[in-house]
Amino acid sequence: MQFKVYEVTSEVKERILTSQQKQNIEIIFNDLIGEQVHTSHLKRMCILPQNKQTNEAVLYDYNNNKDNYDFTKIAEKLLESELTKRGSRSKNISEGFLFIKKEREKLFLIKIEKTDIVDTETFEKRNELGTDKNYYKVCVFNNNYDNIVIIDKNKQVAKYWYSEFLDLEFQRNDEDNTFELIELIENNQIFSDEIKQSDRYSEIIQCTKEYIFSNSEFDKSELYSSIKKCTTCYENSRPLLLIKK
């Protein structure tokens, strides 16, 4: 097991750790990543897309050089992602500490903002973790680019953390697919122009929404059949191409 801690402000400074500090940090990792992770924490599964699997991506770089990896590169990439194009810290991103834990085949990253929750010298907990509003972010990497865990103590996963720092994308799930499909419907992008000119277009939209919310899987042929049951305007028409691939 290996620990690294970097203070990330306007620059990166590595902290040399005592045995007691390492014990305190281990408690933090257990509280934030262990089985007792609070249900209010936002957790998303992510992927490192194939086009980002280069040494510019810190997880890829680490995974190919893990025996003698310079973890300072990860801290420097975090700082870079926290700065504006002019080189100043973004007003919405607080200074903090990057905690790194290497354990067998897993790599854990935690950013903790400078708050009263954790002592900035000893790294000992002052209060119960999880009581502050939005002070930490987590990444758990198990050498699988298709299953990377991101945890954020906030209502949204910070884009600078998962995208600009780690070069990740959200793993798509049924909720994502449904949301995108509804968005296409609302923006009139799902049906052909011929169908949109129909006098019963609003009815078709309603039938489509009812189909989506009543079925766990989406099938264009089944949707077409479902719409035909709701309206007779397609009896002599061609099947319509509906969804973007």
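**Figure 1. Ser81 touches Ile93, Tyr160, Glu164 and Phe165, leaving out residues up to four places away in sequence.** Contact here means heavy atoms within 4.5 Å. The model is a predicted one, in which local features need pLDDT of at least 70 and side-chain atom pairs count only at pLDDT 80 or more, while totals for chains, interfaces and linings use all residues. Residues are numbered from 1 along each chain as its sequence is written, and side-chain values use heavy atoms, with hydrogens and water left out. Ser81 sits in helix α3; helices (H or I, at least four residues) and strands (E, at least two) are DSSP runs numbered from the N terminus. Is Ser81 buried or exposed? With a relative accessibility of 6%, Ser81 counts as buried, a label for anything under 20% relative accessible area, with exposed for over 50% and partly exposed in between (1.4 Å probe, protein chains only). Its side chain also makes a polar contact, reaching the backbone oxygen of Leu78 at 2.7 Å. A polar contact is a pair of N or O atoms within 3.5 Å; within protein, one atom must be able to donate a hydrogen and the other to accept it, and residues adjacent in sequence count only if both atoms are side-chain atoms.

**Figure 2. Thr84 lies in the loop between α3 and β4.** Thr84 is partly exposed, because its relative accessible area is 33%. Setting aside residues up to four places away in sequence, Thr84 touches Arg89 and Ser90.

**Figure 3. Asp119 is found in the loop between β5 (106–113) and β6 (136–141).** Which backbone nitrogen does the side chain of Asp119 reach? The partner is Glu121, at 2.7 Å. Beyond its neighbours within four places in sequence, Asp119 is in contact with Glu124 and Arg126. Asp119 has a relative accessibility of 17%, so this loop residue counts as buried.

**Figure 4. Helix α1 covers residues 19–33 and has the span one would expect.** The expected span is 1.5 Å times one less than the number of residues. For the 15 residues of α1 that gives 21 Å, and the C-alpha atoms at its ends are 21 Å apart, so the two agree. The buried residues of α1 are Gln21, Asn24, Ile25, Glu26, Ile28, Phe29, Asp31 and Leu32. Against which strands do they pack? The list is β1 (2–8), β4 (96–103), β5, β6 and β7 (148–152).

**Figure 5. The largest nonpolar core has 32 residues.** Such a core is a set of buried Ala, Val, Leu, Ile, Met, Phe, Trp, Tyr and Cys residues joined through side-chain atoms within 4.5 Å. Inside it, Ile74, Leu98, Leu109, Trp161 and Leu166 have the most contacts. At least two of its residues come from each of β1, α2 (58–63), α3 (72–82), β4, β5, β6, β7 and α4 (159–165). Leu166, leaving aside neighbours within four places in sequence, is in contact with Leu48, Val58, Leu59, Leu109, Cys139, Ile150 and Trp161. A second, separate core of 21 residues includes Ile112, Ile117, Phe123 and Tyr135. As background, nonpolar side chains in soluble globular proteins tend to be buried together.

**Figure 6. Here are the cysteines, and the count of disulfides comes to zero.** A disulfide is taken as a pair of cysteine sulfur atoms within 2.5 Å. Cys139 is in none: the nearest cysteine sulfur, that of Cys46, is 7.9 Å away. Cys139 is buried, with a relative accessible area of 0%. Cys207 has a relative accessible area of 6% and is therefore also buried.

**Figure 7. Arg104 and Asn188 get a view for their backbone angles, with phi near 50 degrees in Arg104 and about 55 degrees in Asn188.** Both values are positive, in residues other than glycine. Most residues other than glycine have a negative phi. Arg104 lies in the loop between β4 and β5, and at 79% relative accessibility Arg104 counts as exposed. Asn188 lies in the loop between α5 (174–186) and α6 (193–196), and is partly exposed at 36% relative accessible area.

**Figure 8. Stepping back, the protein has eight helices and eight strands.** Of its 245 residues, 43% are buried. Among contacts between residues at least 6 apart in sequence, 60% join residues at least 24 apart. The protein exposes about 14600 Å², with 42% supplied by carbon and sulfur atoms; areas come from the Shrake-Rupley method with a 1.4 Å probe, and for residues only the protein chains shown count as cover.
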